[in-house]
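This report covers an annotated domain, a helix pair, a pocket and some backbone details. Please have the sequence and coordinates open as you read.

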Amino acid sequence: MANKVKAVLIGGTGYGGAEILRRLLFNPNVDVVRVTAVDNIGKKVGDVHFNLAGLTDLSFQEMPPAQAVAGADVAFLAMPHKTTAKVVLDILNTGVRIVDLSGDFRLRDAAAYAKYYGVDHPAPQMLTDGSFTYGMPELNREAIRKARYIASPGCFATTIALGLLPLAKAGLLTGPIHTVAATGSSGSGANPQITTHHPLRAANLRTYKPLEHQHIPEILQTLRIAGGKEDMSLEFVPVSAPLPRGIFSTSFAEVPASVTQEQLTAAWKTAFGNEPFIRIVSGGRQPEVVGVSGSNYVEVGFTLGPVTGNTRRVVCFSALDNLVKGGAGQAIQSFNLMMGWDERLTLAEPGLWP
């Protein structure tokens, strides 16, 4: 135990916290020493997350952040946006590494943060100075290896950006992008709401935050770093879907009329051919949630439309599990890279079928 990395989870009673524990508890290099929360205090982890019953003696504790990370090597933060930034400021000088699952340190533009999150950032200089490394291995792998602080991407942002990343890397992503993406109910958190109550959700499709979702600037920032043109814009409509896990994204973009199917196939292979968790779908089917649910894998694919004037439309599809690759799994993947381990550690198993 003395040689293991000591990990603390702050905010452990939500679905994201459960998924982090499901992975860390089976990491041979990690000892989870503490789990804190603001609810279910004193309860054993397995009494809240039933799938973890009997696998750990840890209980949920309530304590100040600086006390929570005492003696730890890494802190995973699984708390709401706006709350997390204040916790980060409390533990920043303790020397602990940080993997943050909230949106508080993903953006590089403080004005965009204020616009989309509804408050001024408490430490705007930390957005502009790159204190946190954006934790998308398919884009930032080498930077993640050297990082001490990771801002793990959002679920929609991961799905949509990965679906469009080949176009961006090939220099073909420009102009307006239109996206519709449907997400499972677990993305709304563990506490029930009228929009996630099963009798309503199971028989319903509804949109929310159309054209103003907080992941819009994160997606554009990611795609521009990957090679997308500065004139890009994104119109994004999120959809609440009747499934517990998963996100399915459909994005429409325009490319020059001269672009061929073979060029795009090569672009997808160049972008993802060596990626351990990205599956390029072929053989006449397109990505599906059922193929990746419960896992850290992503399915991606595209369809190229006919020439219309000077352009052709490309429809980009992507599917992943919002709690794993769209949340805790990607955070664990970045953590593995940060610690110099195989990034697939505790993540390599496939999802359930069906």
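## Annotated domain

Residues 6-147 are 35% helix and 17% strand in this predicted model. The C-alpha atoms at the two ends of that stretch are 17 Å apart. UniProt lists residues 6-147 under "domain: Semialdehyde dehydrogenase NAD-binding". The listing comes from an unreviewed entry.

## Helix 7 against helix 12

Two packed helices are described by the angle between their axes and the distance between the axes. Here the pair is helix 7, residues 137-146, and helix 12, residues 324-338. Their axes come within 9 Å. They cross at roughly 35 degrees. The crossing of helix 7 past helix 12 is right-handed.

Which residues meet across this pair? Helix 7 brings Pro137, Glu138, Arg141, Ile144 and Arg145. Helix 12 answers with Lys325, Gln330, Gln333, Ser334, Leu337 and Met338. Sorted by class, the contact holds 4 nonpolar, 3 polar and 4 charged residues. Pro137, Ile144, Leu337 and Met338 are the nonpolar ones. Gln330, Gln333 and Ser334 are polar. The charged residues are Glu138, Arg141 and Arg145 from helix 7 and Lys325 from helix 12.

## The second largest pocket

Rolling a probe the size of a water molecule over the atoms shows where empty space is left. The second largest pocket has a volume of about 230 Å³. Its lining counts 13 residues. Tyr15, Ser185, Ser186, Gly189 and Thr196 lie nearest the centre of this pocket.

What is the make-up of the lining by class? It divides into 5 nonpolar, 7 polar and 1 charged. Among the residues nearest the centre, Tyr15 counts as nonpolar. Ser185, Ser186, Gly189 and Thr196 count as polar.

## Backbone details

Where does the segment after helix 12 hold a cis peptide bond? The bond runs from Trp353 to Pro354, with omega near 0 degrees. Pro354 lies in that segment. Thr346 is also found in the segment after helix 12. Thr346 is not a glycine, yet has a positive phi of about 70 degrees.

Leu211 is another residue other than glycine with a positive phi, near 70 degrees. Leu211 sits in the loop between strand 9, residues 206-207, and helix 10, residues 216-226.

Methods. Residues are numbered from 1 along each chain as its sequence is written. This is a predicted model: local features need pLDDT of at least 70, side-chain atom pairs count only at pLDDT 80 or more; totals for chains, interfaces and linings use all residues. Side-chain values use heavy atoms; hydrogens and water are left out. Axes are lines fitted to C-alpha atoms, for helices over the stretch in contact, and angles run from 0 to 180 degrees between N-to-C directions. Helices (H or I, at least four residues) and strands (E, at least two) are DSSP runs, numbered from the N terminus. A crossing is left-handed if the near helix is turned anticlockwise from the far one by less than a right angle, and right-handed if clockwise. Contact means heavy atoms within 4.5 Å. On a 1 Å grid over the protein atoms alone, a cavity is a set of points where a 1.4 Å probe fits but cannot get out, and a pocket is an open set with protein on both sides within 12 Å along at least five of seven lines; lining residues have an atom within 4 Å of a point. Grid points are joined across faces, edges and corners, and a volume is the space filled by probe spheres set on the points. UniProt positions are given in the numbering used here, feature names are shortened, and annotations may be inferred rather than shown by experiment.
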